[in-house]
Amino acid sequence: MKKLTVRAVLKWLNHYFTFFLMVAFVITCCTMLFVTTMTRSLGVTITAENISAAAKVTFWNVALLSLIFTVIDAVRRRINVQRPVKNITAAAEKMIKGDFSVRIKPRGKFGSDDTFDSIIECFNKMAEELGGVETLRSDFIANVSHEMKTPLAVMQNYGTLLQDPELDEEKRIEYAKGVAEGARRMADMMTNILKLNRLENQQIYPRAEEFDLGEQLCACLLQFETLWERENIEIETDIATDIRVKADEELLSHVWNNLFSNAFKFTPSGGKVSVKLSATERHAIVEVRDTGCGMSPEVGAHIFEKFYQGDSSHSVSGNGLGLALVKRVVDILQGEISVESAVGVGSVFTVKIGRC
């Protein structure tokens with residue numbers, strides 16, 4: 001406290017002497033000019049007594065004016081500088097402690113310098129962004145922990161059952177498959193998390209190359225042939241030929257694989273999945289349609305968010321990262337993706353990619 005008081009006094013004296021020198025210089029110059037002019041025009045003789053008296057009056061005038069200017073400047077600085085700096089510092093200390101809800105009220109006073117208002121506006125935006133990042137980080141950790149608990153619990157239960165020495169061979173194989181499926185789900189989730197992280201941090205740079213989009217769609221669709229035959233799902237394709245695009249082929253394959261996987265996952269046995277490829281002068285348009293459970297508009301508004309799962313009955317089959325990955329890839333490739341859906345009818349995902 002003592003150091004702070006001494007520093008404040010020294011700062012005040014520094015301001016005072018600064019004004020003293022400025023006022024002394026200005027008054028001295030003005031006085032000399034005035035005296036010189038008067039003596040020349042009136043022919044007055046300057047004596048030592050006159051100079052001494054004038055010097056004393058001038059000195060005390062300079063001292064008084066310097067004091068007045070110093071006080072005015074101190075008040076100005078306290079209102080226009082120290083107060084907003086104090087508010088910004090207090091808000092910054094709250095942010096350091098993890099409170100990102102703090103906001104500073106803009107000053108907006110008439111005649112005041114708007115520099116601090118610009119700083120305050122930037123500070124509030126920074127606090128808002130950091131608050132959003134912190135919320136996303138907390139939600140991400142909570143969601144990852146939740147998603148990992150399910151396969152870990154399954155693997156633990158099956159592992160416990162496998163320790164039974166009297167377990168028959170059929171059950172042992174069944175439980176071993178359960179452990180393998182849980183491990184696969186965790187591996188898929190980690191793979192998608194790493195991909196999303198690299199995409200969001202711009203660590204993956206798309207390599208644009210020209211290729212036939214129809215051929216890529218057919219190749220990706222054929223990977224699910226065993227699945228649609230096992231589930232007795234009808235496949236309908238309307239893929240236009242010779243539609244070429246210039247994009248990152250590997251990244252784009254993630255889009256089709258995730259969309260096809262979702263379509264087959266949510267389509268019941270005996271349903272239908274349709275894939276259509278058409279083109280306009282500037283865009284290639286891919287539609288993936290299914291006759292699955294569909295979703296409400298409320299669910300559709302969040303379907304591209306990480307870990308969001310609109311249909312809890314199917315949540316065991318996924319981790320809510322696939323469509324978030326799809327959206328990020330489409331954005332990187334400067335494309336567009338949209339969804340239309342109705343509960344009990346099915347969903348249609350539409351992707352637009354620029355043509356060559």
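1. A quick definition before we start: buried means under 20% relative accessible area, exposed means over 50%, and partly exposed covers what falls in between. By that scale Glu231 is partly exposed, as its relative accessible area is 29%. Please keep in mind throughout that this is a predicted model.

2. Glu231 has a partner worth looking up. Arg230 makes a salt bridge with Glu231, and their closest N and O atoms are 3.7 Å apart. Arg230 itself is exposed, because its relative accessible area of 57% is over 50%. So here an exposed residue meets a partly exposed one.

3. How many salt bridges does a search of the whole structure find? The search comes back with eight. Besides the one at Arg230 and Glu231, I'd pick out two that sit inside helices, taken in turn below.

4. Go to helix H3, which spans residues 115-162. Lys125 and Glu121 both belong to this helix, four residues apart, or about one turn of the helix. Their side chains meet in a salt bridge, with 3.6 Å from N to O. Glu121 counts as partly exposed, at 45% relative accessibility.

5. Helix H9 (residues 322-332) has a similar story to tell. Lys327 and Asp331 are both in H9, and again the spacing is four residues, about one turn of the helix. The salt bridge between their side chains is 2.9 Å, N to O. Both ends are partly exposed: Lys327 has a relative accessible area of 27%, and Asp331 has 35%.

6. Now for the sheet. Five strands make up an open sheet with mixed pairing, and their order is S2-S4-S5-S7-S6. At the edges you'll find strand S2 (234-239) and strand S6 (336-342), each of which pairs on one side only. On average, neighbouring strands of this sheet are turned by 10 degrees against each other, ignoring direction.

7. Have a look at the S6 edge while you're there. S6 runs antiparallel to strand S7 (residues 346-354), and seven bridges join the two. Which residues stand opposite each other? Ser341 faces Ser347 in S7, while Ile337 is opposite Val351 in S7. The hairpin of S6 and S7 has three residues between the strands, and in it Gly344 takes a positive phi near 80 degrees.

8. Two helices that pack on the sheet deserve a look next. Helix H5 (residues 213-222) touches S2, strand S4 (272-279) and strand S5 (283-290), and its direction makes about 170 degrees with that of S2. H9, the helix with the Lys327 and Asp331 pair, also packs on the sheet, where it touches S6 and S7. The direction of H9 makes about 145 degrees with that of S6.

9. Last one: is Asn258 buried or exposed? Asn258 lies in helix H7 (residues 249-266). At 17% relative accessibility, Asn258 counts as buried, since that value is under 20%. Leaving aside neighbours within four places in sequence, Asn258 is in contact with Gly322, Leu325 and Val326. To see where those contacts sit, recall that H9 covers residues 322-332.

Technical notes: Residues are numbered from 1 along each chain as its sequence is written. This is a predicted model: local features need pLDDT of at least 70, side-chain atom pairs count only at pLDDT 80 or more; totals for chains, interfaces and linings use all residues. Side-chain values use heavy atoms; hydrogens and water are left out. A salt bridge is a side-chain nitrogen of Lys or Arg within 4 Å of a carboxyl oxygen of Asp or Glu. Buried means under 20% relative accessible area, exposed over 50%, partly exposed in between (1.4 Å probe, protein chains only). Two strands pair if DSSP finds at least two bridges between them. Axes are lines fitted to C-alpha atoms, for helices over the stretch in contact, and angles run from 0 to 180 degrees between N-to-C directions. Contact means heavy atoms within 4.5 Å.
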